[in-house]
Amino acid sequence: LFISYVYHEYGEYEKCRDLSFEIEQLAKETRTVFALGSSLERRAMAEYGLGNLEEAKSNIEKSREILNISLDSFYDIATVSHALITWGMEDYSLFRSICNDLLSRDLSEGNYTCIIPGLEYSALEGARQGKFDIATQLFFNAQAIRNDLSTPIPKRRRKLFQDLVSNLKDNLSDENFTSAQNNLIDKQQLIDLAKEVVAET
């Protein structure tokens, strides 16, 4: 399973997809639920990388359904991937719903696996809505949390957020961009702000 993550991170999408089928077969033979769900999540992300969005959507939905049987970090991974796929499909209503799910995790438990991507994805939605100052705050506050935890953005998502930062810079004055970038706020207030951005309209 770990090797499939490595293949995906380095853009070896076909190898990742092929390996996911092998993992799925072994998971079925051994009745290992987390491995079955995770194999489908990896296949979804491989299909997403290959541009097969409908296949990605089908597999990620199956993955989350399986992994939701138990409270498991693999379900969190699948939820983060589901958000990325819905963004790529421009299904913004579902994207906002999944972002809200990510942001609704219990902060007191330190569940940043979901909250950090939730903030970053909310920044994408904020920029899409033209709320460039808020999007800048959300994104760079998320990066401050990443820096504190030494958890950089995964390689597979870096280009997406590099494009976001370029978009933000293009739509804000240097002064406003710098001000929003450096405006660090309380984590709960940050989450509440992100939830406002992804609220159903």
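Here are three short exercises on the structure above, which is a predicted model.

**Exercise 1: the surface around Y10**

Find where Y10 sits, decide whether Y10 is buried or exposed, and name the patch it joins.

*Solution.*
- Start with the backbone: Y10 falls in the loop between α1 (2–9) and α2 (13–30).
- Next, check the cover. Y10 has a relative accessible area of 58%, and exposed means over 50%, so Y10 is exposed.
- Now look at the company Y10 keeps: with F2, I3 and V6, Y10 forms a nonpolar patch on the surface. Together these four have about 460 Å² of accessible area.

**Exercise 2: a charged neighborhood**

Place E12 and work out which residues gather with E12 in a surface patch.

*Solution.*
- E12 also turns up in the loop between α1 and α2.
- Its relative accessible area is 36%, so E12 counts as partly exposed.
- E14, D18 and E22 gather with E12 on the surface, giving a patch of negative charge.

**Exercise 3: into the core**

Which residues of the largest nonpolar core touch the most other members, and which helix gives the largest share?

*Solution.*
- The core has 46 residues, and the ones touching the most other members are L119, Y121, L138, F139, F161, L164 and L168.
- Elements giving two or more residues to this core include α3 (33–49), α8 (132–149) and α11 (187–198).
- The largest share goes to α7, with 9 residues.
- As background, nonpolar side chains tend to be buried together in soluble globular proteins.

Terms used. Residues are numbered from 1 along each chain as its sequence is written. This is a predicted model: local features need pLDDT of at least 70, side-chain atom pairs count only at pLDDT 80 or more; totals for chains, interfaces and linings use all residues. Side-chain values use heavy atoms; hydrogens and water are left out. Patches are made of residues with over 30% relative accessible area and no salt bridge: like charges are joined within 9 Å, nonpolar side chains (Val, Leu, Ile, Met, Phe, Trp, Tyr) within 5 Å. Accessible areas come from the Shrake-Rupley method with a 1.4 Å probe; for residues, only the protein chains shown count as cover. A salt bridge is a side-chain nitrogen of Lys or Arg within 4 Å of a carboxyl oxygen of Asp or Glu. Helices (H or I, at least four residues) and strands (E, at least two) are DSSP runs, numbered from the N terminus. Buried means under 20% relative accessible area, exposed over 50%, partly exposed in between (1.4 Å probe, protein chains only). Lys and Arg count as positive and Asp and Glu as negative; His and the chain ends are not counted. The place of a charge is taken as NZ of Lys, CZ of Arg, CG of Asp or CD of Glu. A nonpolar core is a set of buried Ala, Val, Leu, Ile, Met, Phe, Trp, Tyr and Cys residues joined through side-chain atoms within 4.5 Å.
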